[in-house]
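Subject: Handover of a structure

Dear colleague,

Please find the structure below, followed by an account of what was found in it.

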Amino acid sequence: MIKRIVDWIDERTHVRDLYREQMVEYKVPKNLTFPYVFGVLALITFAIQIISGIILIMYYKPVIAHAFDSANYTIMREISFGWLFRHIHAAGANFFLAIVYLHMFTGIYYNAYKKPRELVWIVGWVIYFVLLVTALTGYLLPWGQLSYWGTVVTTEIPASLADAPILKGLFGAIGETISIWMKGGYKLEDLALGRFFGLHVLLLPLILLALVSIHLFLVRAAGISNPEGYEIDKKNEPEKVAPFHPYMTLKEGAFAMWYLAIFFFFVFFYMHHFLPADNFEPADPLKTPPHIAPEWYLLGFYEVFRSIPSKFWGFVAFNLILVLLLLLPFLDFSPVKSARRRPLFFIMFLVFLFSSMALTVLGTMAPTPTNAKLGMFFTALVFLFFLSLPVISFLEWGWYKARGGRA
Amino acid sequence: MEASRRDFLGVALGGMGAVGVLGVLYPIVKTLAPSAASTTEAKVEVDITKIPELGVRVTSWKGKPLFVLRLPKDLTEDKYNVKKDSVNKAGKLNYDLLKGQEAYALVGVCTHLGCIPLWKPEGSDAVKAPYLHCPCHGGLYTPWGDNIGGPPPRPLFVPPQKRDGNKLIVGEPGFVKELV
């Protein structure tokens, strides 16, 4: 019976051909390593966020008089399993960014941003940026103390442009305009909550959906990169590739199961990491909570921002890091790919990795003078990573030519 | 047909998948279930000593008006000209279910077009005893909700209810087992 229904559909749509072409005849390198799984895990987390978000949106009320109660009473107590979907959504946001960071470091390590995959990296960067905005807008919605004051601080950050060494008036006006337009006024009130809500539940997810589709299409178009850094000729080197299905689907499926097990372990047993107690107190515009810091996924940028003595240069520095990340395919123009074959790049990759981690850890600590000095030191190392890329590329071009154009 | 190792793995994986899908769907479907607030509304407790004889307490049950009536012991349905063929879901007159109860509850919604009947404890020229009168199209009911006259096609609905001391508990099966 089922076979006849599929036959009927297949006659009209040729879905079986599509499946064969896209799943079985689509070949991927045999030697893909574990970190290549992070892309699929990010996709799974995205699906989890959309499903749990649809359930939450049915009961959440984006009005400041009701927002806190709808999140903490209606959803957490009144709706059957409402608590589960809020837990999933809150943990999912953290896992999503964690997986995306791992995915980005993987891409950097294997140089997956190089020709012919520059667009994959650029679209991926835009996904990362939109994801950060989605996380920030969603953070305000429960209307707790941390939500409120976290957003107050975030919307104040553009105002640091007023500290510019030149054109103070112009920069100050730009910063204040951005800050006011984010909030829809001078105070963080219903207008801000309404637009954050609209962005978080409709516009940003649609943009993410479109970008993720483009990202996947580009991956298919350019082919998956290879841990060894060689481009595989699928026609002439059939021994180096394997069908996507069943080899990759089963391998990634198994890793996905492990991932979900860890994810739900946190959802059921360790939620206080993702729903801190401070945020179960309604927002009070007249009382700042004693400790206020951004979520962990922004701590690196936050530490860069606050350890540099000038607010203006702090602002410029963390935005510059974002821009340099975007320009990575052009900073690193070496013909050689993958850190496995690039000892100099590998060292600088480690510098970048550990500096990012150190900045994140410093972001959790009190801003003492020593910590600020350490913060500046690691900020300098992050910039050193980006600046070393053209130098390394230049050297590698020389070696590449000396070896007669072979990598 | 011999079952191979591959068949076993297929069934085992498929079974695991089915369990997983059920595990995901169960909480999703459950979020759409009636909320805790609406289910507490499905049970109403009324202290009948607070209601005077021939009095009515109007409250709500599952979002509908609920009449809790208290009648003198000597009032019987013999005084009314009841339409005997107009019966409830149990195939009986409401009176057969409720007689002998000094207090009981009725769903206060006219079975004609959903208006809320008025309680006339003094009776009138036409009905010389307490009765319920629907103001919309003149439906007439006995105090037990049986039809006397007018357009209503069936007696008033009677919710499940039981007596517990001085309390009448509506929403739990007792002398009336289910909504009829």
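How much area does chain A expose, and what share of it do carbon and sulfur atoms supply? Chain A exposes about 21,200 Å², and carbon and sulfur atoms supply 74% of that area; accessible areas come from the Shrake-Rupley method with a 1.4 Å probe, and for residues only the protein chains shown count as cover.

This is a predicted model, in which local features need pLDDT of at least 70 and side-chain atom pairs count only at pLDDT 80 or more, while totals for chains, interfaces and linings use all residues. Residues are numbered from 1 along each chain as its sequence is written, chains are lettered from A and ligands numbered from 1 in the order in which they are written, and side-chain values use heavy atoms, without hydrogens and water.

Chain A contains 15 helices and 2 strands (DSSP runs numbered from the N terminus: helices are H or I with at least four residues, strands E with at least two). Of its 407 residues, 45% count as buried, that is, under 20% relative accessible area with a 1.4 Å probe, protein chains only. The C-alpha trace of chain A spans about 70 × 65 × 40 Å along its principal axes.

In chain B, strand β1 covers residues 44–47. Val44(B) and Val46(B) point to one face and are buried, whereas Glu45(B) and Asp47(B) point to the other and are not. Strand β10 (residues 167–170) of chain B runs antiparallel to β1(B), joined by 4 bridges; two strands pair if DSSP finds at least two bridges between them. Val170(B) in β10(B) stands opposite Val44(B).

Yours faithfully

Terms used
Buried < 20%, exposed > 50% of the residue type's maximum accessible area, 1.4 Å probe, protein only.
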